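Welcome to this guided tour. Please open the model in your viewer and keep the selection panel handy.

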Amino acid sequence: MSSETGRPGVGTAGAGSPWILEVRDVKKSYEGGRIEALRGVSLGVAKGDFLAITGASGSGKSTLLHLLGGLDTPTEGSVLFRGEYLGGASDGAACITLDAYRARFAGFIFQSFHLLPSLNAMENVQVPMLGSGAHHANREEKARALLVELGLEQRLRQYPTQLSAGERQRVAIARALVNEPRVLLADEPTGNLDSVNSAKILELLAQVQERYGTTLIMVTHDLDIAATAHRHVAMRDGRICD
Amino acid sequence: MRLSFVSFAWRNVWRRRLRTALTLCGIGMGIGAFVTLVGFSRSFEHAWLEMYENAGTDLAVVQKTFLNTSVDQSAGDVLRRIPQIEIAAPMVINMMAVTPEVNTLVYGWKADTFEFSALNILQGRRFRDGQQEAMLGELLADSLNKKVGDTIDLQGSTFTVVGIFRSGSALETGAIILPLDEMQNLSSMTGKVTAYHVKLKPAPAGVSQAQWQKEAEDAVEKDLPGLRAVPAAQRAANNQLVLLAHAAAWGTSLIALLVAALGIANTMAMSVFERTKEIGVLRAMGWSRGRVMTLILIEAAALGAAGGGAGVLLGWGALRILGALPQTASIASTTLPVQTLLEGLLMAILVGVLAGSVPAWRGAQLSPVEALRHE
C-alpha cells in the first residue's frame with residue numbers, strides 16, 4: 001500500500017501530514033547517474049506503523065531504507081520526518097540534520113548485527129550514548145534494563161564472539177532502542193538467523209513496536225516475514241510496484 | 001573498566017596488540033631519543049651554568065666570533081684596568097683523551113684564580129704554576145682509579161696528580177685542571193687563552209648590579225675591540241659547545257620524532273581502514289563526524305601518550321646511564337630533568353594528534369552507507 005504524497009521540495013511540508021516519515025518523488029543514482037537505484041519513489045509511513053519493504057536484490061529496497069534512516073540523501077526529491085526535511089531544505093523550510101535525526105529519532109538493526117567486537121553486550125548497547133553527555137550510571141542502567149527485557153540478563157558481560165547469532169541480534173535490537181527512537185529500521189534482521197531464532201526476533205520486534213509505539217520499517221526479501229507486517233510495499237527496478 | 005569515550009578509544013587501539021606494541025616501540029624510541037639527547041645537551045648547559053655560578057663568575061670575555069676559542073692573553077692587563085672589574089682570570093678549556101676510551105674536559109687555570117673557591121679539595125693540594133702537576137675531579141679520579149701521587153699522561157706529557165677535588169658542576173667533577181701555562185703548551189696556545197672569567201667589584205651605592213654589569217660589558221667592548229663580555233648565564237647557554245650540542249640533539253631528535261609520527265600515522269590509517277564498517281555503524285547510530293573524528297584523535301593521542309610515557313622512562317634511564325659512564329659522566333647530570341621529561345610526553349601526545357589528524361579527518365568524512373558497504 002504505497003501512497004503518493006505531494007510534490008518534492010514544497011515549503012509547507014508536513015503541515016497536517018498524517019505521516020511520521022515521508023519520501024516525495026525520491027530518486028537516487030550513483031556513479032554520475034549511470035546507476036539508478038531509485039527512480040521516483042513516494043511513500044508515507046504513519047506513526048506506529050509496521051512496514052515491510054520487499055524486493056529482489058538490486059530492487060532499491062535497501063537504498064530506500066537508507067534514505068528513510070537518514071544514512072544517505074536522495075539525488076532528487078525529499079525525505080521528511082514529522083514534516084521536517086531530513087538533511088536540509090533549499091527554501092528555508094524546517095529541517096533536521098541527518099546526524100540529529102539518527103541520534104535522536106532513528107534506530108538501526110542490521111543483518112550482520114554489526115556489534116563492536118571489543119565491547120561486551122552491556123557496552124555495545126551504550127555506544128549510541130557515548131560522548132553524548134549521558135552519565136555513565138544512566139547509560140548502564142538503560143542498557144541493563146533493555147538487555148534484561150530482551151532476555152539477556154545472563155549474558156550482559158559476554159562479548160559478541162561468546163554470544164549466539166540470535167543473542168547478538170537481540171543485543172543489536174537493544175542498542176537500536178537505547179536512545180528511544182521513534183523509527184526503527186531493520187535491514188534483513190533475520191537474514192543470518194535460523195528459522196527458530198528468526199521467529200523469535202520477529203516476535204520480539206513486533207512486541208517492541210507494539211509496546212513502545214515505535215514505527216518499524218523492515219527490509220526483507222522473504223514474503224512470509226513481510227506478511228507479519230501491518231503494511232507491505234514491494235519494489236522492483238527502483239520503483240514501488242504494488 | 002567502565003566504558004567511557006577514552007576507554008573505548010584505548011580498547012580500539014589495543015585490539016591489534018602486536019601492531020600497537022610495535023608502534024609504541026617506535027614512539028618510545030623517538031621520545032627516548034629526544035629525552036636522552038636534549039636532556040644530555042641541557043645538562044651540559046646546566047653544568048656550565050653551575051660552574052660559573054659556583055665560582056662567582058660574573059662575565060666571560062671571549063672573541064666575538066661564533067667559534068671563539070682564542071683570546072690574546074695580554075687582554076688581561078686591559079681588563080684589570082677597567083674600573084668595574086675586580087678580577088680577570090685567564091682560562092683555557094679543551095677536550096683530551098686520558099685513555100683510548102675516555103675523553104675528558106681539561107682546564108688550564110692560574111694557581112691563584114678565584115675559581116678555586118668553588119672547589120673542595122678532598123686529597124692533596126692545589127697545583128703550582130709552571131709545574132707538570134694536575135688536579136683531578138673526584139668522579140674522574142674514581143673512574144681512572146687515580147690518587148694523589150699517581151701520574152697521568154696527556155698528549156704525550158706526564159703530570160703528577162697533586163690533588164683530588166669535588167665540585168658542584170659536572171663539568172668540573174669529571175675533569176682535569178692543569179696549570180695554565182702547561183695547558184697552553186699542551187694546546188699549542190702559548191700567549192692565548194680561551195676566555196677570561198671576570199668577577200666584578202660590588203656596585204657602588206645608587207647603581208644597580210645590572211647597570212654596573214652593563215657598564216663593564218660596554219667598557220670591555222670599547223677597550224678591547226673584537227672581544228665581548230658575556231654574562232655568565234648567557235655564556236652557559238650560548239657558548240659554542242652548548243649551541244652545537246643543542247643543535248645536534250634537536251636535529252637528531254626531530255628525525256626520530258618524524259619516524260615516530262609516521263608510525264602513528266600508518267597505524268591510525270590502517271586502523272581507520274580496517275574499521276571502516278564500524279565507523280559506518282557509529283555514524284548510523286547518530287555519531288556525528290566530529291564525534292568520530294574526536295574518537296580517532298583520542299586513539300592517536302593515546303598511542304602518543306603511551307609511547308611517550310615509555311620513551312620518557314627510556315630516556316631517563318639512558319640519562320642515568322650516561323651520568324654513570326666514565327666517558328660521559330663529566331657532562332651528564334644525574335638530576336631528574338623534569339622539564340625535558342614533560343616536554344617529551346607533551347611532544348609525544350602532540351605528535352600523536354598531528355599524525356592522527358589526517359586519518360581522523362578521513363574517517364569522519366566516510367559516508368555511513370559507503371562505510372557500511374565496506375568489506
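Start by selecting R291(B), which counts as partly exposed because it has 18 C-beta neighbours inside 10 Å. The cut-offs run like this: 20 or more other C-beta atoms within 10 Å of a residue's own make it buried, 12 or fewer make it exposed, and anything in between is partly exposed, with C-beta atoms placed from the backbone. R291(B) is part of helix α11 of chain B. Helices here are DSSP runs of H or I with at least four residues, strands are runs of E with at least two, and both are numbered from the N terminus. Now add N94(B) to the selection: 197 residues separate N94(B) and R291(B) along the chain, and their C-alpha atoms are 59 Å apart.

Before going on, a word about what is on screen. This is a predicted model, in which local features need pLDDT of at least 70 and side-chain atom pairs count only at pLDDT 80 or more, while totals for chains, interfaces and linings use all residues. Residues are numbered from 1 along each chain as its sequence is written, and chains are lettered from A and ligands numbered from 1 in the order in which they are written.

Next, zoom out to the whole of chain B. You should find 13 helices and 12 strands. Its C-alpha trace spans about 85 × 50 × 35 Å along the principal axes. The radius of gyration of chain B is 28 Å, whereas a compact globule of 375 residues would have one near 21 Å; the value is taken over C-alpha atoms, and the globule rule is 2.2 Å times the number of residues to the power 0.38. Of the 375 residues in chain B, 47% are buried.

Stay with α11(B) and select residues 289-324, then add α1(B), residues 5-14. How do these two helices cross? Their axes come within 9 Å and cross at roughly 65°, the axes being lines fitted to C-alpha atoms over the stretch in contact, with angles from 0 to 180 degrees between N-to-C directions. α1(B) and α11(B) are therefore roughly perpendicular; angles under 35 degrees count as roughly parallel, over 145 as roughly antiparallel, 65 to 115 as roughly perpendicular and the rest as oblique. The crossing is right-handed, meaning that the near helix is turned clockwise from the far one by less than a right angle, with anticlockwise for left-handed.

Show the side chains at this crossing. On the α1(B) side, look for residues including F5(B), W10(B) and V13(B); among their partners in α11(B) are L295(B), I298(B) and E299(B). Contact means C-beta atoms, placed from the backbone, within 7 Å. This contact has 9 nonpolar, 1 polar and 1 charged residues. Here Ala, Val, Leu, Ile, Met, Phe, Trp, Tyr, Cys and Pro are nonpolar, Asp, Glu, Lys and Arg are charged, and the others, Gly among them, are polar.

For another helix pair, select α2(B), residues 17-55, and α9(B), residues 240-274: their axes come within 9 Å and cross at roughly 165°. That makes α2(B) roughly antiparallel to α9(B). The crossing is left-handed, and the contact residues divide into 19 nonpolar, 9 polar and 2 charged.

Now pick E343(B) in helix α12, residues 338-365 of chain B. E343(B) and V312(B) are 31 residues apart in sequence, with 9.4 Å between their C-alpha atoms.

Finish where the chains meet: 19 residues from chain A and 18 residues from chain B form the contact. On the side of chain A that touches chain B, α2(A) supplies the largest share, 3 residues.

Methods
Two residues are in contact if their C-beta atoms, placed from the backbone, lie within 7 Å.
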